[in-house]
Amino acid sequence: MNLRLNVALLRKKVPNLTVAAKEVGLRPATVSNLCTGKIPLEKAEVQTLVKLASLANCLLDDLVLSDDKLNLVETGIKAIDFFAPLKKGSVIGLLARKEMGQLILVAEVFLRLKKQGFKTMLLHSSDNVPGLMEVQNESEMLASSKESAVELIDKNLVDEDLIILMDRAHVLAGDLTYIKEHDTAKNLKSLTVVLVDLRGEAVDEDLPFGPLDMIWSFDMELVAKKYYPAIHPLFSFSDESLNESKDLSVQKQVQKYIRRYREMRILYSQKGFEFLPKEEESNFKKGERLEAFFTQPFYIAELYTKKEGETVPHSTAMKDIKEILAGRWNHLPLSHFTNRGSLEGDK
């Protein structure tokens, strides 16, 4: 596994790095060589890294970046970055019935990734499906077949990050394998594939797309409540190795509260919420607010929602989530959490 120093974080936290390093007994030349890569991080003394982390007031895990961390892509979409973060080079399956907002989500992801330097492609079907036009509008390249897809890659892309959307029908026809194994794919820096099922039948299959690196599952309950993006908080996942351990711990807590809230909601909607035990009220409120918190306004939907799209850095979302878990926001109405970005600045 390749490791490197998080130089951007280090310089942000310690503006005068050379002077600060000298004050804690580190040789400025050593620190400089670590920052430039002249000294491989694997050869650095643990004591040196610990001192640098102390200077930056951060965890050692934050200071040392691995391949997995380097390949993670922060979208600014809370539900994705928290439950199933996107990784360059992965194959992502979207499990949803028709018109659950999955194509709007893909269009929004395309828009955001283009700002990060990704190239976008749609391997399109002839089907006239709601939401597909939005994806097409955010696709820089349109391919009608596997052959035209590799031709577009060959002519236009060298050492680029490409994300491509294709229908399940193309997967079943072997198009995904054809594109990934074609020689032109070797010209790419990374190839990320998003798979959808335009017929909405994939949710009934055990392995609808074959092997996947991650799943973005969509929840009909969230759709019914108009909670978008309707990413299922319990059934959407990435390989756990993609998450830092501290993030994974918080994720498990969030899922526990949402699961318990949903159980209580079903039970006491029949009995009456006046029978909800006092000791469960806080848990109920936390789960209810966490579920609402993962809704978010999208840029591509501004014309329809009349709300400005928002990007939420993962670190900011984590801070908000921890405050909800601590019960800090139990006194605020549920409407305060829906269809917004961060809670920063709230009281």
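Student: What volume does the second largest cavity have in this structure?

Tutor: The second largest cavity has a volume of about 40 Å³. Ten residues line this second largest cavity, and those closest to its centre are Leu122, Leu123, Leu132, Asp167 and Leu198. Two elements, strand 6 (119-123) and strand 8 (161-167), each give two or more residues to that lining. Please keep in mind as we go on that this is a predicted model.

Student: Ok, and which strand gives the most to the lining there?

Tutor: Strand 8 does, with three residues in the lining of the second largest cavity.

Student: What classes of residue are in that lining?

Tutor: Sorted by class, the second largest cavity is lined by seven nonpolar, two polar and one charged residues.

Student: How many cavities does the search find?

Tutor: When the whole structure is searched, two cavities of 30 Å³ or more turn up. The largest of them has a volume of about 70 Å³.

Student: Which residues line the largest cavity?

Tutor: Its lining includes Ala79, Phe83, Leu222, Tyr227, Pro229 and Ile231, and also Pro233, Ile258, Leu290, Glu291, Phe294 and Thr295. Helix 7 (78-83) and helix 15 (278-293) are the elements that give two or more residues to this lining. By class, the lining of the largest cavity holds ten nonpolar, one polar and one charged residues.

Student: Glu291 is in that list, so what does glutamate 291 form a salt bridge with?

Tutor: Glutamate 291 pairs with lysine 225, and the closest N and O atoms of this salt bridge are 2.6 Å apart. Because glutamate 291 lies in helix 15 while lysine 225 lies in the loop between helix 13 (220-224) and strand 11 (237-238), the pair ties together parts that are 66 residues apart in sequence.

Student: Is glutamate 291 buried or exposed?

Tutor: Glutamate 291 is buried, with a relative accessible area of 5%, whereas lysine 225 counts as partly exposed at 32% relative accessibility.

Student: Changing topic a bit, how many salt bridges does the structure hold?

Tutor: The structure holds 17 salt bridges. One of them joins arginine 97 to aspartate 204, with the closest N and O atoms 2.9 Å apart. This pair links distant parts of the chain, since arginine 97 sits in the loop between strand 5 (91-95) and helix 8 (102-114), and aspartate 204 in the loop between strand 9 (190-196) and strand 10 (214-217), 107 residues apart.

Student: What about exposure, what relative accessible area does arginine 97 have?

Tutor: Arginine 97 has a relative accessible area of 35%, so arginine 97 is partly exposed. Aspartate 204, with a relative accessible area of 52%, is exposed.

Student: Which residue does glutamate 263 form a salt bridge with?

Tutor: Glutamate 263 forms a salt bridge with arginine 260, and the closest N and O atoms are 3.1 Å apart. Both glutamate 263 and arginine 260 lie in helix 14 (residues 245-271), where they are three residues apart, about one turn of the helix. Glutamate 263 counts as partly exposed at 42% relative accessibility, and arginine 260 counts as partly exposed at 33%.

Student: And which residues do salt bridges with shared partners join into one network?

Tutor: Asp219, Glu221, Lys225, Arg262, Arg265 and Glu291 are joined into one network by salt bridges that share partners. Two of these names came up earlier, as glutamate 291 and lysine 225 form a salt bridge with each other, and Glu291 is also in the lining of the largest cavity.

Technical notes: Residues are numbered from 1 along each chain as its sequence is written. This is a predicted model: local features need pLDDT of at least 70, side-chain atom pairs count only at pLDDT 80 or more; totals for chains, interfaces and linings use all residues. Side-chain values use heavy atoms; hydrogens and water are left out. On a 1 Å grid over the protein atoms alone, a cavity is a set of points where a 1.4 Å probe fits but cannot get out, and a pocket is an open set with protein on both sides within 12 Å along at least five of seven lines; lining residues have an atom within 4 Å of a point. Grid points are joined across faces, edges and corners, and a volume is the space filled by probe spheres set on the points. Helices (H or I, at least four residues) and strands (E, at least two) are DSSP runs, numbered from the N terminus. Ala, Val, Leu, Ile, Met, Phe, Trp, Tyr, Cys and Pro count as nonpolar, Asp, Glu, Lys and Arg as charged, and the others, Gly among them, as polar. A salt bridge is a side-chain nitrogen of Lys or Arg within 4 Å of a carboxyl oxygen of Asp or Glu. Buried means under 20% relative accessible area, exposed over 50%, partly exposed in between (1.4 Å probe, protein chains only).
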